[in-house]
Structures are given as structure tokens and as C-alpha cells.
Amino acid sequence: MKITLTKLSTKDLATLAQRILSNIQSGKYPVITNHPLTATLAASFTEYDKVYAKQVYSGKGKDVAMADQERDLAYTNLKAFLNGYRKLSTAAHYQSAEDLYGIFKKFGLDLDRLSYSSQTAQMKKLIEELETPENLQKISLLSLDVAFADMKTKHEAFETIFADQAEANADLRQLTSATAIRKVLEKNLKSYLNLLTAMKDVPGWELLYSDTNELVKAAKNSGTKRKDENPS
């Protein structure tokens, strides 16, 4: 019963281990029931199964980028309005627009071009200053309450999604390396297959060896078939 486990794909390795464990747990082979090696194999497969199909990162990158785009749009629209309105010296409350635009200048007119973390820090300060009673009154005079609320909401939504991504990525990194877990599973599978090979001529072990050998052949053929379907 020969197979190079390291050459199996992550999926094929998982399939082989799962089929072998199902075979062991079927009750058809009394000789392997309660054997300590099967518990070790089952434990290593459980750990492997948790991580082998996971992505390195959380997959939330697109959500973060979309939230950032929406935040940028709300920010640039409000900034553009104030910049245009403040130049209309004959318009009512143009000075309020000038004052509010000055606050945007204070924290930077290019926040939408900064990194996520830098933009978040500056946006937080910008919003805090715009929320003072004096500035909220100026915002109301210009009928910008909804626009300001939208920018604040979009900023808070970004922060929430970004925090979720950071937490998810941290959780993934805390998992033991999938490569290390695979090596443990390969080691335990190899020990199990070696055990069956050594015992194949002993009464009671013949059927278990024969059935397991078929599972091993199927795993090897699966890898060969995939190579044939995708020639290099």
C-alpha cells in the first residue's frame, strides 16, 4: 500500500482521511476498534478539517473597499459643495460655508487619498469639530444636515466593517498553520497505513487492509486524473 501523501492536494488528502475514518468507524473491522492510533488519526483530521479550506485572509476586503468608496463620496460631495458655495459672496450664509470649508482645510483636503487608518483618524477629528454646537448651526443654515449625517454614517459604517475585517484576520492568524497541521495528519495517516501493511497477513486484518488499499488507490487515481485533465 504505497502512496506519497505529500503529493495529494489538500482536498484529496482530506477526502482520503475522511474515508479511512468512516471505514474505521463502520464497525466492520473489530481488529481496529478502539485502537489508540485511530483516535490520534481522528484528532489530527479534525484539526486539519478546520483550516485546510480556509482562505489566508477573511475575504472581507471587497466590503471594506466598498465602504471606503461610499465614505469618500460623501466626504468629497460635502467638501465640493462648501468650496463652491463659499465663493458666492452674494449668497445667504456664504460666510458659514467659508468657515466650514476652513475646517476641512484644517484636517486636509485630500483625506480620500490617504490610507484607511490615516483617513479614519483625520475623519474622526473632522467630524468631532463639525459637531460642535456652533458648527452644527452653520450646517443647518446651509441645509446640509442630511449631507453631514450621511458622511458621518458612512464613516461609522466603514469603521465597523474595517474592525470586523481586522478581527476576522486576527482569528485566522491565531489558527495553527495549515501546513503544520497537514504534516501531522500525513504523519498519522502514514503510521496507520504502515500498521495495516504490517498486519495484512494476520487473520482478521486482511479485509481491512484490502478495503483501505482501494481507498488509497482511489486517492492516487484522483491526483493522476487531475494532472491528465490539466496537462502542463
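Asn-188 lies in helix H8, residues 178–199 of this predicted model; helices (H or I, at least four residues) and strands (E, at least two) are DSSP runs, numbered from the N terminus. Asn-188 has a relative accessible area of 6% and is therefore buried, where buried means under 20% relative accessible area, exposed over 50%, and partly exposed in between (1.4 Å probe, protein chains only). Not counting residues up to four places away in sequence, Asn-188 touches Thr-40, Leu-41 and Ser-44; contact means heavy atoms within 4.5 Å. The C-alpha atom of Asn-188 is separated by 8.8 Å from that of Thr-38, although the two residues are 150 apart along the chain.

The model is predicted: local features need pLDDT of at least 70, side-chain atom pairs count only at pLDDT 80 or more, and totals for chains, interfaces and linings use all residues. Residues are numbered from 1 along each chain as its sequence is written, and side-chain values use heavy atoms, with hydrogens and water left out.

**Thr-38 and the packing of H1 and H2**

Thr-38 is found in helix H2 and, at 10% relative accessibility, counts as buried. With neighbours within four places in sequence left aside, Thr-38 is in contact with Leu-21, Ile-24, Ile-32 and Tyr-192. One of these partners, Leu-21, is 17 residues from Thr-38 in sequence and 7.7 Å away in space, C-alpha to C-alpha.

Two packed helices are described by the angle between their axes and the distance between the axes. Helix H1 (residues 10–24) packs against helix H2 (residues 36–51) at an angle of about 145°, and their axes are 10 Å apart. Here the axes are lines fitted to C-alpha atoms, for helices over the stretch in contact, and angles run from 0 to 180 degrees between N-to-C directions. The crossing of H1 past H2 is left-handed, a term used if the near helix is turned anticlockwise from the far one by less than a right angle, with right-handed used if clockwise. On the side of H1, the contact is made by Thr-10, Leu-13, Ala-14, Ala-17, Gln-18, Ile-20, Leu-21 and Ile-24, and on the side of H2 by Thr-38, Leu-41, Ala-42, Phe-45 and Tyr-48. These contact residues divide into 10 nonpolar, 3 polar and no charged. In this division Ala, Val, Leu, Ile, Met, Phe, Trp, Tyr, Cys and Pro count as nonpolar, Asp, Glu, Lys and Arg as charged, and the others, Gly among them, as polar.

**Leu-78 and the cavity**

Leu-78 is placed in helix H3 and is buried, with a relative accessible area of 6%. Leaving aside neighbours within four places in sequence, Leu-78 is in contact with Phe-104, Leu-144, Ala-147, Phe-148 and Met-151. The C-alpha atoms of Leu-78 and Ala-147 are separated by 6.6 Å, with their positions 69 residues apart along the chain.

A search of the whole structure finds 1 cavity of 30 Å³ or more, and the largest cavity has a volume of about 30 Å³. On a 1 Å grid over the protein atoms alone, a cavity is a set of points where a 1.4 Å probe fits but cannot get out, and lining residues have an atom within 4 Å of a point. Grid points are joined across faces, edges and corners, and a volume is the space filled by probe spheres set on the points. The lining of the largest cavity consists of Leu-78, Leu-82, Leu-100, Phe-104, Leu-130, Ile-139, Leu-144 and Phe-148. H3 and H4 are the elements that give two or more residues to this lining, whose residues divide into 8 nonpolar, no polar and no charged.

**Positive phi in two loops**

Most residues other than glycine have a negative phi. The table lists two residues with a positive value.

| Residue | Phi | Loop | Relative accessibility |
|---|---|---|---|
| His-93 | near 65° | between H3 (61–85) and H4 (94–107) | 39%, partly exposed |
| Ser-143 | near 55° | between H6 (133–141) and H7 (145–174) | 63%, exposed |

**Gln-165 and the whole chain**

Gln-165, in helix H7, is buried, with a relative accessible area of 16%. Its C-alpha atom is 9.0 Å from that of Asp-63, 102 residues apart in sequence.

The protein has 9 helices and 0 strands. Of its 232 residues, 34% are buried. Among contacts between residues at least 6 apart in sequence, 73% join residues at least 24 apart.

Technical notes: 1 Å grid on protein atoms, 1.4 Å probe; cavity = no way out; pocket = protein on both sides within 12 Å on 5 of 7 lines; lining within 4 Å.
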